[in-house]
Amino acid sequence: MGRVRDVVTGARRIVVKVGSSSLTTAAGGIDEQRIDALVDTLGGLATSGREVVLVSSGAIAAGLSPLNLPRRPRDLATQQAAASVGQGLLIGRYTTGFARHGITVGQVLLTVDDVTRRAHYRNAYRTLRKLLDLGALPIVNENDTVATEEIRFGDNDRLAALVAALADADLLVLLSDVDALYTGNPSDPSSRRIGFVGDESDLSGINIATPGRSGVGTGGMVTKVEAARIATGFGIPVVLTAAPLAARALAGEDVGTLFQAASSRPAARLFWLAHATSPRGRLHLDAGAVAAVVARRKSLLPAGITAVDGSFAAGDPVDLVDAGSGTPVARGLVNYDAVELPALLGRSTPELAAALGPGYEREVVHRDDLVLL
Ligand SMILES: Nc1ncnc2c1ncn2[C@@H]1O[C@H](COP(=O)(O)OP(=O)(O)O)[C@@H](O)[C@H]1O
Ligand SMILES: N[C@@H](CCC(=O)OP(=O)(O)O)C(=O)O
């Protein structure tokens, strides 16, 4: 197992995600000792020449007791209010903690749009890159106070996998209240630790359905395994372990679970398009358009679209559906608003340009903004 963990010790840029249950008390408030312990581990890592990006959950959980809320609220508005209070408290604690190691932190709050729309994506990447170049440690969370139900990541495990892809990280570390992935519910004595996941087949027969015990986290093991799939699919190895074991895991010891990376790396932004977005509409393609988009990797033009549904704006993600079978074949960022499209369908680009002006010569979905599903 020793050499297998070389991907951990050799990683230069590391994204570390820590869950609510590892940062907050059962009563709902920040757990200062555990935050300080995490800061010491990551501070050591950052001062040893590694670039560290921390994806920290816990805003909602940290805001509960200051607002006299007895448990994690179900409604979005109260979650947003709790996150607004808790995020400030968390960052406050991180700022003073990392300052003891001579490290400046920068808060980065992201929404789904920030990582899927081309302009926003570049912006998020530039900010992360600049913070790291300036020697600061970015601390990322979802921008819970503005995220609505529809545009929410909802779980920070997936956000962390996408941030790892965005930041072109060498390693993703997921820290939770459980020390590893187990074959079944970890409190069941017959469950065994899984030290290494080489590929999907190593996950067959494993039960990850039991929800977390803490009541403050969101996804349990399901979202962690899904995040590991996303990151490894992007060529980034993943270590899953408990926060108190982080230092040992980062030193390459055989603790927790190592998920081996796949060998190929897809283009980062399109990878995000496939994994981070929910389509806002559907474009139905005739057989010629399906062949052009799927087999010949061409842009989608109005001539090949038979119908449109959904209400979307230019720049939104939409699914491209085979009109014959009804199956989605690709996802892309559309260049027109939904209301503009019906008048354009089935018409050739030169015809549209002549009738409506040169602005209508543009593709409905450009090939650079398309990912096959
Ligand atoms: N097969 C499994 N292996 C490990 N943990 C599991 C498994 N199935 C369910 N779990 C549960 O997932 C929980 C971790 O998820 P969660 O509480 O959402 O953590 P976090 O707040 O760190 O995101 C563990 O406490 C554990 O009870
Ligand atoms: N953005 C939310 C985190 C939601 C979440 O994914 O929590 P967790 O399952 O503990 O990682 C917050 O800060 O409360």
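D177 sits in the loop that runs between β5 (171-176) and β6 (181-182). In this predicted model, D177 counts as partly exposed because 17 other C-beta atoms lie within 10 Å of its own, and the label "buried" takes 20 or more. The UniProt record, an unreviewed entry, lists D177 under the feature "binding site". Other positions in that record include K17, S176, T218 and K224.

Stepping back to the whole chain, the domain assignment splits the protein into domain 1 (3-271) and domain 2 (279-372). The C-alpha centres of these two domains are 36 Å apart.

Now for the inside of the protein. As a rule, nonpolar side chains in soluble globular proteins tend to be buried together. Here, the largest nonpolar core is made of 81 residues. V15, V163, A164, L172 and V173 are the ones with the most contacts inside that core. The biggest giver to this core is helix α7 (residues 156-166), which puts in 8 residues. L172 is a handy one to click on: leaving aside residues up to four places away in sequence, L172 touches V15, A160, A161, A164, A231, I236 and V238. There is also a second core, separate from that one, with 23 residues, among them L285, V290, F312 and V365.

Helix α4 (residues 76-99) allows a quick sanity check. With 1.5 Å a residue, its 24 residues should span 34 Å, and the end C-alpha atoms turn out to be 33 Å apart, so the two values agree. Several residues of α4 are buried, including Q79, A82, G86, L90, Y94 and F98. What lies over the buried residues of α4? The cover includes the helices α2 (32-47) and α3 (59-64), along with the strands β2 (51-56), β3 (105-110) and β4 (137-142).

Towards the other end of the numbering comes strand β14 (residues 328-334), which is mostly covered, with 5 of its 7 residues buried. β14 pairs with two strands, β13 and β15. Strand β13 (residues 317-322) runs antiparallel to β14, and 5 bridges join them; in one of these pairings, L320 is matched with A330 of β14. β13 and β14 make a hairpin with 5 residues in between, and G326 in the turn has a positive phi of about 80°. With strand β15 (residues 365-372), β14 pairs in the antiparallel sense too, over 4 bridges. There, V334 has V365 of β15 as its bridge partner, and V365 is also one of the residues in the second core.

Terms used
Residues are numbered from 1 along each chain as its sequence is written. Chains are lettered from A and ligands numbered from 1 in the order in which they are written. This is a predicted model: local features need pLDDT of at least 70, side-chain atom pairs count only at pLDDT 80 or more; totals for chains, interfaces and linings use all residues. UniProt positions are given in the numbering used here, feature names are shortened, and annotations may be inferred rather than shown by experiment. A residue is buried if 20 or more other C-beta atoms lie within 10 Å of its own, exposed if 12 or fewer, and partly exposed in between; C-beta atoms are placed from the backbone. Two strands pair if DSSP finds at least two bridges between them. Domain bounds come from an automatic or database domain assignment. The expected span of a helix is 1.5 Å times one less than its number of residues. Two residues are in contact if their C-beta atoms, placed from the backbone, lie within 7 Å. A nonpolar core is a set of buried Ala, Val, Leu, Ile, Met, Phe, Trp, Tyr and Cys residues joined through C-beta atoms within 7 Å.
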